Amino acid sequence: QLQLVESGGGLVQAGGSLTLSCAASGFTLDDYVIGWFRQAPGKERGGVSCISNTDGTTHYTESVQGRFTISRDNAKNTMYLQMNSLKPEDAGVYYCAADANFPVKYYTCAAYTQGDYEYWGQGTQVTVSS
């Protein structure tokens with residue numbers, strides 16, 4: 001069974017840090033496009049960051065550039081989102097996602113929309129207090 005399981009959410013003060021993890025099972029994450037999305041209360045889910053499976057390049061939405069870092073540990077088959085200097089507007093439910101991108105739909109993950117991802121985690125809540 002192909003599955004993504006998230007962990008690491010919680011409550012943090014503004015300016016603090018959190019690291020989200022997303023463990024994959026049933027498939028090799030290294031072969032996939034991976035991404036993180038978030039959904040704030042009353043808002044649509046939007047992309048935060050991703051890693052392309054064609055060349056390993058990363059992409060960040062403008063509001064998190066310089067503060068968030070996406071990565072993956074192939075040995076652990078796990079992806080991460082390191083979040084620093086958190087702001088109240090970063091709060092929401094964070095989802096990890098993966099897609100085989102085979103045959104290649106997009107060369108860069110920046111072209112992906114959430115509808116392009118095949119596999120999703122269950123979501124983890126991030127709350128940032130001001």
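User: Before we start, what makes two strands count as a pair here?

Analyst: Strands themselves are DSSP runs (E, at least two residues; helices are H or I, at least four), numbered from the N terminus. Two of them pair if DSSP finds between them at least two bridges.

User: Good. Leu 18 stands opposite which residue in E8?

Analyst: A bit of background: this is a predicted model, where local features need pLDDT of at least 70, side-chain atom pairs count only at pLDDT 80 or more, and totals for chains, interfaces and linings use all residues. Residues are numbered from 1 along each chain as its sequence is written, and side-chain values use heavy atoms, with hydrogens and water left out. Strand E3 (residues 18-25) runs antiparallel to strand E8 (residues 78-83), with six bridges joining them. Across from Leu 18 in E8 you'll find Met 83.

User: In what order do the strands of the open sheet come?

Analyst: Pairing in this four-stranded sheet is antiparallel. Its edge strands, each pairing on one side only, are E1 (3-7) and E7 (68-73). Read across, the order is E1-E3-E8-E7.

User: And which residue in E3 is the bridge partner of Val 5?

Analyst: E1 and E3 run antiparallel, joined by five bridges. The partner of Val 5 is Ala 23.

User: Is Thr 78 buried or exposed?

Analyst: Thr 78 sits in strand E8. Buried means under 20% relative accessible area, exposed over 50%, and partly exposed in between (1.4 Å probe, protein chains only). Because its relative accessibility is 8%, Thr 78 counts as buried.
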